[in-house]
Amino acid sequence: GEAALHVGLDPAAETILLLGLSEALKHSGYNTAVVEYTSRALGRPGVPDASRAHLLAIQAHGLLYVGDIDGADRAGQEAATIGETSKEHAATVFGMVARSVAARARGRIDQAIGHAREAVRIAEHSRGEARQRHPRLWLARGLVAADRFTEADAVYATGQREADQLGTAWSQPLWHYYRAELRMAAGRLDDAEAEAEAGGRGPGGPEAWRVAAPVRAPLGRGAGGRGPVAAARRGPC
């Protein structure tokens, strides 16, 4: 609890603890708690810019899942700005991804593509941890929303090759789930079903049901609630 966080911890250590806790909560799907803990950490005096950038990026994604699109966009923008000046490129990329999702939620598809493309550019330039955020996942989703299916498919293929090279297991089911969305949008229901099933079988499949929550509902509606396709699309990211 709140009191426990203060016992024997200086502000810097407490910030690191809250940052790690927020990241863990995000991966577990506890988005209300993500917003709470990142807000608590950001309210501490003297939070270093590097930590602030990461906290804001995580908070932006938590806000997306609780439906605060405007708040998510603001947090993502601040994360990207602070991340750029403090050379925390992974935070910049993650903040830009949140801005892309927020723009897509508002129907601003060109803006969504622009934010995601910039995130890809930064990740490619900086490499390291920023690449492991896999912004191509969200660039392709913007392209799907613009009905640019061939281009989106090529982006997914490039991104998945990179994920295979980097060994980022957390992303593996998402390539299938988001490709299921692409196949669904293109009217290829059987292919969409196959992609969703592949996502559920892979490493981290059950966890990705939560991560891919923003995809699942529209696909389920379009498929009339059929099997894994119905599970491939529910939520904002």
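A: A salt bridge is a pairing in which a side-chain nitrogen of Lys or Arg lies within 4 Å of a carboxyl oxygen of Asp or Glu. The structure discussed here is a predicted model.

Q: How many salt bridges does a search of the whole structure find?
A: The search of the whole structure yields 17 salt bridges. Three pairs will serve as examples. In one of them, aspartate 70 is joined to arginine 106, and their closest N and O atoms are 2.5 Å apart. In another, arginine 121 is paired with glutamate 118, with 2.8 Å between the closest N and O atoms. A further salt bridge brings together the side chains of glutamate 124 and arginine 136, at 3.4 Å from N to O.

Q: Which parts of the chain does the pair of glutamate 124 and arginine 136 link?
A: To read such a pair, one locates each partner in turn. Glutamate 124 belongs to helix 7 and arginine 136 to helix 8 (residues 136–145), so the pair links distant parts of the chain, 12 residues apart.

Q: Where are aspartate 70 and arginine 106 placed?
A: Aspartate 70 sits in helix 5 (residues 69–85), while arginine 106 sits in the loop between helix 6 (89–105) and helix 7 (109–126). This pair also links distant parts of the chain, its members being 36 residues apart. Both residues take part in a network of salt bridges that links Asp70, Asp73, Arg99 and Arg106.

Q: By how many residues are arginine 121 and glutamate 118 separated in helix 7?
A: They are 3 residues apart in helix 7, which means that about one helical turn separates them.

Q: Are the partners in these salt bridges buried, partly exposed or exposed?
A: The term depends on a cut-off: buried means under 20% relative accessible area, exposed means over 50%, and partly exposed lies in between. Aspartate 70 has a relative accessible area of 42%, so it is partly exposed. Arginine 106, at 30%, is partly exposed. Arginine 121 is partly exposed at 45%, and glutamate 118 is partly exposed at 30%. For the pair between helix 7 and helix 8, glutamate 124 is partly exposed, at 31%, whereas arginine 136 is buried, at 16%.

Q: Where does serine 171 lie, and is it buried or exposed?
A: Serine 171 is located in the loop between helix 9 (149–166) and helix 10 (172–185). Its relative accessible area is 0%, and therefore serine 171 is buried.

Q: What does serine 171 touch?
A: The side chains of serine 171 and tryptophan 175 are joined by a polar contact of 3.1 Å. When neighbours within four places in sequence are set aside, serine 171 is in contact with His134 and Ala163.

Q: Which residues touch the most other members of the largest nonpolar core?
A: The largest nonpolar core has 55 residues, and those that touch the most other members are Leu64, Val93, Leu137, Leu139 and Tyr156. Helix 6 provides the largest share of this core, with 9 residues. Leucine 137 shows how contacts can be listed for one residue: apart from residues up to four places away in sequence, leucine 137 touches Tyr156, Trp170, Leu174, Trp175 and Tyr178.

Q: Which phi values do lysine 87 and aspartate 147 have?
A: Lysine 87 is not a glycine, yet its phi is positive, at about 65°. Lysine 87 is in the loop between helix 5 and helix 6, and at 59% relative accessibility it counts as exposed. Aspartate 147, likewise not a glycine, has a positive phi of about 65°. Aspartate 147 is in the loop between helix 8 and helix 9 and counts as exposed at 57% relative accessibility.

Q: What can be said of the protein chain as a whole?
A: The protein chain contains 14 helices and 1 strand. Of its 237 residues, 51% are buried. Among contacts between residues at least 6 apart in sequence, 55% join residues at least 24 apart. The accessible surface comes to about 10000 Å², and 52% of it belongs to carbon and sulfur atoms.

Q: What is the mean pLDDT of the protein chain, and where does pLDDT stay under 50?
A: The pLDDT expresses the predictor's confidence in each residue. Its mean for the protein chain is 85, with 81% of residues reaching 70 or more. Residues 213–219 form a stretch where pLDDT stays under 50; the model has 40 contacts beyond four places in sequence for this stretch. The pLDDT is also below 50 over residues 221–235, a stretch with 52 contacts in the model beyond near neighbours in sequence.

Conventions. Residues are numbered from 1 along each chain as its sequence is written. This is a predicted model: local features need pLDDT of at least 70, side-chain atom pairs count only at pLDDT 80 or more; totals for chains, interfaces and linings use all residues. Side-chain values use heavy atoms; hydrogens and water are left out. Helices (H or I, at least four residues) and strands (E, at least two) are DSSP runs, numbered from the N terminus. Buried means under 20% relative accessible area, exposed over 50%, partly exposed in between (1.4 Å probe, protein chains only). A polar contact is a pair of N or O atoms within 3.5 Å; within protein, one must be able to donate a hydrogen and the other to accept it, and residues adjacent in sequence count only if both atoms are side-chain atoms. Contact means heavy atoms within 4.5 Å. pLDDT is the predictor's confidence in each residue, from 0 to 100. Accessible areas come from the Shrake-Rupley method with a 1.4 Å probe; for residues, only the protein chains shown count as cover. A nonpolar core is a set of buried Ala, Val, Leu, Ile, Met, Phe, Trp, Tyr and Cys residues joined through side-chain atoms within 4.5 Å.
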